[in-house]
Amino acid sequence: MTFPLSCFLSSLAYIVLTFHSNNIDFVTKGLILTQCLVPASIIDFKTREIPDWIHVLLILVGLIRLNLPYSLIGALVIFVPCLIFTMISKGEIGGGDIKLLTACGFVLGLTGIVLGSIVGLTLFCTIHLLLHDHKKRHAMAPCISVGCFFAYLLIY
């Protein structure tokens, strides 16, 4: 089931990206971003873990048309609050989710990660409340991925 789902989501992202812009750099970076976010979401949904290689690939995506100060600020602005929140809440946000948000912050910059995290975390909280199972841990990466993809579309 993983392969067809991955192909479907990647194809859908390609269609959205090409309808949104005819800029080849935008479409290429967005498609590579999607190729990192889709496996992160599927793996996190299945195992509640996000492999480190996904974070490394996201950092490499951030090197495409790099604006270093903007990327570093985006990564730090999301990393610090997530780290503080997870220390206060005793691990409510997993380390993989923090690394995913930080790597996406490097790709999206300050504006993008603020928007992406707001959309993603709002989506996560909404789904979590609708499921009515507050004691069970749910995968956060799918919601983070949707939020970050949405932010990518809006900021570029």
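Which residues in α2 meet which residues in α5? I took this up as the opening entry, keeping in mind that the model is predicted.

**Entry: α2 against α5**

I found K29, L33, L37, A40 and D44 on the α2 side, where they meet D97, L100, C104 and V107 of α5. Sorting the contact by class, I noted 6 nonpolar and 3 charged residues, with no polar ones. I then looked up the geometry of the two helices. Helix α2 covers residues 24–47 and helix α5 residues 95–131, and their axes come within 12 Å. The axes cross at roughly 175°. An angle over 145° counts as roughly antiparallel, and α2 is therefore roughly antiparallel to α5.

**Entry: the largest nonpolar core**

I next asked which residues have the most contacts inside the largest nonpolar core. They are L58, L100 and C104, in a core of 33 residues. I recorded the helices that each supply at least two residues to this core: α1 (2–20), α2, α3 (52–62), α4 (68–88), α5 and α6 (141–155). Of these, α5 gives the most, with 9 residues. As general background, I noted that nonpolar side chains in soluble globular proteins tend to be buried together.

**Entry: the surroundings of L100**

L100 had appeared in both earlier entries, as a residue of α5 that meets α2 and as one with the most contacts inside the core. I therefore listed its contacts, leaving aside neighbours within four places in sequence. L100 is in contact with L37, A40, I50, H55, L58, A141 and I144. Within this list, L37 and A40 belong to the α2 residues that meet α5, while L58 is another of the residues with the most contacts inside the core.

**Entry: aromatic pairs**

How many aromatic pairs does a search of the whole structure find? I recorded 2. F26 and Y152 form a stacked pair, with 4.9 Å from centre to centre and 10° between the planes. This pair links distant parts of the chain, since F26 lies in helix α2 and Y152 in helix α6, 126 residues apart. Both F26 and Y152 are buried.

For Y152 and Y156, I noted ring centres 4.8 Å apart and planes at 45°, so this pair is tilted. I then checked whether each of these tyrosines is buried or partly exposed. Y152 has 1% relative accessibility and so counts as buried. Y156, at 42% relative accessibility, counts as partly exposed. I closed the entry by recording that F26, Y152 and Y156 form one aromatic cluster.

Key:
Residues numbered from 1 in each chain as written. Predicted model: local features only at pLDDT ≥ 70, side-chain atom pairs only at ≥ 80, totals over all residues. Heavy atoms only, no water. Axes fitted to C-alpha atoms, helices over the stretch in contact; angles between N-to-C directions. Helix = DSSP H or I, 4+ residues; strand = E, 2+ residues; numbered from the N terminus. Parallel < 35°, antiparallel > 145°, perpendicular 65-115°, else oblique. Contact = heavy atoms within 4.5 Å. Nonpolar A, V, L, I, M, F, W, Y, C, P; charged D, E, K, R; others polar. Core = buried A, V, L, I, M, F, W, Y, C linked by side-chain atoms within 4.5 Å. Buried < 20%, exposed > 50% of the residue type's maximum accessible area, 1.4 Å probe, protein only. Phe/Tyr/Trp six-rings, centres within 6.5 Å; stacked < 30°, edge-to-face > 60°.
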